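Here's a quick look at some cysteines, one charged residue and one helix. Have the sequence and model open as you read.

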Amino acid sequence: MTDAPDPLADDGEEAPPRRSPLAVLGPGLVTGAADDDPSGIGTYSQVGAQFGYGMAWTLLFSLPLMTAIQEICGRIGAVSGQGIAHNLRAHYPRPLLRGVVMLLLIANVINLGADLGAMGAALALVLPGRDMPFIIGFGLLSIALEVFVSYARYASILKWTTLSLLSYFAVAAVAHVSWADAVRGVLIPHLAFDKASVMALVAVLGTTISPYLFFWQAGQEVEEQRRRHTKPLCVAPRTAGAELRRIRIDTLVGMVFSNLTAIFIVIATAATLHRAGITEIDSAVQAASALRPLAGDFAFGLFALGIVSTGLLAIPVLAGSAAYAVAETFDWSEGLDRRLREAKAFYAVIALATVAGIALNLLAIDPMRALYWAAVVNGLLAPPLMVVTMLIARNPRVMGAFVISPALALGGWLSTAVMAAVALLFLLA
């Protein structure tokens, strides 16, 4: 099987019009940017503070792995016209589907709580006020935007929100970086097989290759088809060549942008915190606070506001991916392109997941402990979900003539094997 469409197929579809470079970017870009959520920023800050530039190579190593699996998820959505959970329900045992969705919900709610908490604390660093009102405000704002703003406008908002990640490039620019050491750290792998180094590798890979991103990108490709009133590629094969190229470019740009941002966070914290002997960071907010006396108010402000901005991007992705998974499991009407009255249960899951994240901040729960358990759940969920995703992508009943190529399948299986090894290391460490 190949990615090429059948030239003899008569589906009645016109070839899609040529798009501007910016118009090509969408689900892949937003997915990649959402990977740098406040929790991820905390992880990358800790890696930079603890190891300096020495572990920056892990983000270059993870780039082809996350690009392969995310492109595969995007293709599943575009070809089948259905999300990951819907294809699981249609072609695989129901207990597997329910177990996957339950683990996803648990991990997403914990991440929502941690990200909302970080956003509230970050804003409280630059504005007068307490964390909790800010946390509640961010949660309610996210729910309102997802429920009441049209999908076309909301997708545009999410796309432009990705520019907030540029703040971390600016932080690195004003820090006193040893660029020769930074480049060596990125390009030359170095891993000491001690517990701290292994756990840092596990943390980076677990943060960059996250199950909620699989559901989100597949769901967004389906949303894009509805918005543009086009058919799934298995029904409209004449459009497939251009669409599959778009997905590849969009995903590659999104993942490169995501990992470059993460690399610059590591570089910035290595050049400031690690150099000053600060090697333990409990959160992204603590990293921002520690930067202030070392890099000045400008770098501190950029870092803190970047936490808020990336959180505004990540919260809807976390809540939305949970809603896609639950709605597809129960065959409910779903999609951000639908009005509230057309998909009440779908939007209810978004609201409930976000409210649960807010509620976690009312409990006396250590946020780093919560993130630890979210990482455990994600680590356990990712390998079996990736195996099933690969089986879906190679299943002609789902993908028709567009089962993924052997080269892309090799990348996907390699990513799956690495994540399975990471999960094992996590459990044994």
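A disulfide here is a pair of cysteine sulfur atoms within 2.5 Å. Keep in mind that this is a predicted model. With that cut-off, the disulfide count is 0. Take C73, which is in no disulfide: its nearest cysteine sulfur belongs to C234 and sits 17 Å away. Seen from the other end, the closest cysteine sulfur to that of C234 is the one in C73, so at 17 Å the two are too far apart for a bond.

How do these two cysteines sit with respect to solvent accessibility? Here they are side by side:

| Cysteine | Relative accessible area | Class |
|---|---|---|
| C73 | 0% | buried |
| C234 | 37% | partly exposed |

Now for the charged residue. D36 lies in a loop, with helix 2 (27-34) on one side and helix 3 (38-51) on the other. Which opposite-charge side chain is nearest to D36, and how far away is it? That would be K159, at 18 Å, and D36 has no salt bridge even though it is buried. Leaving aside residues up to four places away in sequence, D36 touches I41, Y44, L165, F257, S258, T261, A262 and T310.

Finally, helix 13. It covers residues 240-274, 35 residues in total. From first C-alpha to last, helix 13 reaches 49 Å, close to the 51 Å expected at 1.5 Å a residue. Is helix 13 mostly covered or mostly uncovered? Mostly covered: 26 of the 35 residues in helix 13 are buried.

Key: Residues are numbered from 1 along each chain as its sequence is written. This is a predicted model: local features need pLDDT of at least 70, side-chain atom pairs count only at pLDDT 80 or more; totals for chains, interfaces and linings use all residues. Side-chain values use heavy atoms; hydrogens and water are left out. Buried means under 20% relative accessible area, exposed over 50%, partly exposed in between (1.4 Å probe, protein chains only). Helices (H or I, at least four residues) and strands (E, at least two) are DSSP runs, numbered from the N terminus. The expected span of a helix is 1.5 Å times one less than its number of residues. Lys and Arg count as positive and Asp and Glu as negative; His and the chain ends are not counted. A salt bridge is a side-chain nitrogen of Lys or Arg within 4 Å of a carboxyl oxygen of Asp or Glu. Contact means heavy atoms within 4.5 Å.
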